[in-house]
Amino acid sequence: MAGADAAVTEPALVIRTMRPDEVATVSALIVRTLRETNAKHYSSQEIESLVAGFMPDAYPRRVRGRHTLVAERGGTIVGTAALGQERINTVFVSPDEQGRGIGAALMEAVEQLARSAGWTVAQLNASRTAVGFYGRLGYVVAHDGEVGPNTIRMRKPLQAPDPTPANPQGRLPASHGGTAPVDC
Ligand SMILES: CC(C)(COP(=O)(O)OP(=O)(O)OC[C@H]1O[C@@H](n2cnc3c(N)ncnc32)[C@H](O)[C@@H]1OP(=O)(O)O)[C@@H](O)C(=O)NCCC(=O)NCCS
């Protein structure tokens, strides 16, 4: 039989901007990930309160003003991350696909967007679930620490884009002093 010993090649991972017709798919991915992955670190009440903000009726409002990326493999969306006005938001990888470098690839892409926008420091509000992940990528807990009951502010310096900085002055994202509930 031809090709019996041929290696099975996995489709390449593509990181790209989310299309408007993909909002419902990404909403479903986030909701599932909250219920399956984040549920290990939050109460069911906290999870369902979070889920409400990512359901198809609410999520489109959340993505306005953000540059949302998706990770796609073989035509399936397997993760997402976004660059907001103040911080990196909404980093989620499908439970079936975690631990395969997709989160790190999304973070690299979203940090590149931040550099291109002139940011010299990336900041985010980490879920309890993801503090170790962001730490692995070089983020450290900020001195202003916990910003809500269940999120932890983390930051990482970004190197200027090469060869010419988009904004030679550099820019810090605006500070977020709120005490919002979990808003990754
Ligand atoms: C956090 C999350 C995005 C990570 O995505 P992922 O695709 O599984 O991560 P990766 O496989 O790219 O991991 C990159 C590195 O981080 C490490 N890592 C991943 N999750 C980790 C964790 N919870 N604690 C410590 N290290 C972790 C990996 O081992 C890997 O390290 P390596 O480079 O030494 O191999 C994913 O687990 C997720 O969607 N979690 C639930 C949603 C969430 O909480 N998102 C953050 C909102 S603030």
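**Entry 1: elements of the chain**

Helices, taken as H or I runs of at least four residues, and strands, taken as E runs of at least two, are DSSP runs that I number from the N terminus. On that basis I counted five helices and seven strands in the chain, and I keep in mind throughout that this is a predicted model. Reading from the N terminus on, I wrote down the order of the elements as β-α-α-α-β-β-β-α-β-α-β-β. I then looked up burial and found that, of the 184 residues of the chain, 31% count as buried. For the contacts with a separation of 6 or more, I noted that 66% are accounted for by residues 24 or more positions apart.

**Entry 2: the nonpolar core**

Which residues have the most contacts inside the largest nonpolar core? I found that this core has 32 residues, and that I30, L69, A81, I88, V91, L106 and V110 are those with the most contacts inside it. Two or more residues each are given to this core by α1, β2 (67-73), β3 (76-83), β4, α4 (102-116) and β5 (121-127). I followed I88 further and, leaving aside its neighbours within four places in sequence, I listed its contacts as A81, L83, V110, A122 and L124.

**Entry 3: helix α1 and its partner α2**

I checked the length of α1 against expectation: its 14 residues should span 20 Å at 1.5 Å a residue, and the end C-alpha atoms are 20 Å apart, so the two values agree. In α1 I recorded V26, S27, L29, I30, V31, T33 and L34 as the buried residues, and I saw that these pack against α2, α3 (59-63), β2, β3 and β4.

I next asked how α1 and α2 are placed with respect to each other, and found that their axes come within 10 Å and cross at roughly 175 degrees. Because angles over 145 degrees count as roughly antiparallel, I put α1 down as roughly antiparallel to α2. On the side of α1 the contact is made by V31, L34 and R35, and on the side of α2 by I47, L50 and V51. I sorted the residues of this contact into five nonpolar, no polar and one charged.

**Entry 4: helix α4**

For α4 I repeated the length check: the 15 residues should span 21 Å at 1.5 Å a residue, and with the end C-alpha atoms 21 Å apart the helix agrees with that value. Its buried residues are I102, G103, L106, M107, V110, E111, A114 and R115, and what covers them includes β1 (13-17), β2, β3, β4, β5 and α5 (131-136).

Is A104 in this helix buried, partly exposed or exposed? A104, whose place is in helix α4, has 13 other C-beta atoms within 10 Å and is therefore partly exposed. I also took the C-alpha separation of A104 and V91, which are 13 residues apart along the chain, and it is 9.9 Å. Following on from α4, I came to G118, whose phi is positive, near 90 degrees.

**Entry 5: two loop residues**

I placed K40 in the loop between α1 (23-36) and α2 (44-52). K40 has 9 C-beta neighbours inside 10 Å, and because a residue with 12 or fewer is exposed, K40 counts as exposed. Although K40 and T129 are 89 residues apart in sequence, I found them 7.8 Å apart in space, C-alpha to C-alpha.

P56 lies in the loop between α2 and α3, and with 13 other C-beta atoms within 10 Å I entered P56 as partly exposed. Not counting residues up to four places away in sequence, P56 touches A24 and S27. The C-alpha atoms of P56 and A28, 28 residues apart along the chain, are separated by 7.7 Å.

**Entry 6: two threonines in strands**

I found T90 in strand β4 (residues 88-93), and I noted that its phi is near 55 degrees, a positive value in a residue other than glycine. T90 has 22 C-beta neighbours inside 10 Å and so counts as buried.

T151 has its place in strand β7 (residues 151-157), and with 22 other C-beta atoms within 10 Å I recorded T151 as buried. How far apart are the C-alpha atoms of T151 and A126? These residues are 25 apart along the chain, and I found their C-alpha atoms separated by 5.3 Å.

Technical notes. Residues are numbered from 1 along each chain as its sequence is written. This is a predicted model: local features need pLDDT of at least 70, side-chain atom pairs count only at pLDDT 80 or more; totals for chains, interfaces and linings use all residues. A residue is buried if 20 or more other C-beta atoms lie within 10 Å of its own, exposed if 12 or fewer, and partly exposed in between; C-beta atoms are placed from the backbone. Two residues are in contact if their C-beta atoms, placed from the backbone, lie within 7 Å. A nonpolar core is a set of buried Ala, Val, Leu, Ile, Met, Phe, Trp, Tyr and Cys residues joined through C-beta atoms within 7 Å. The expected span of a helix is 1.5 Å times one less than its number of residues. Axes are lines fitted to C-alpha atoms, for helices over the stretch in contact, and angles run from 0 to 180 degrees between N-to-C directions. Angles under 35 degrees count as roughly parallel, over 145 as roughly antiparallel, 65 to 115 as roughly perpendicular and the rest as oblique. Ala, Val, Leu, Ile, Met, Phe, Trp, Tyr, Cys and Pro count as nonpolar, Asp, Glu, Lys and Arg as charged, and the others, Gly among them, as polar.
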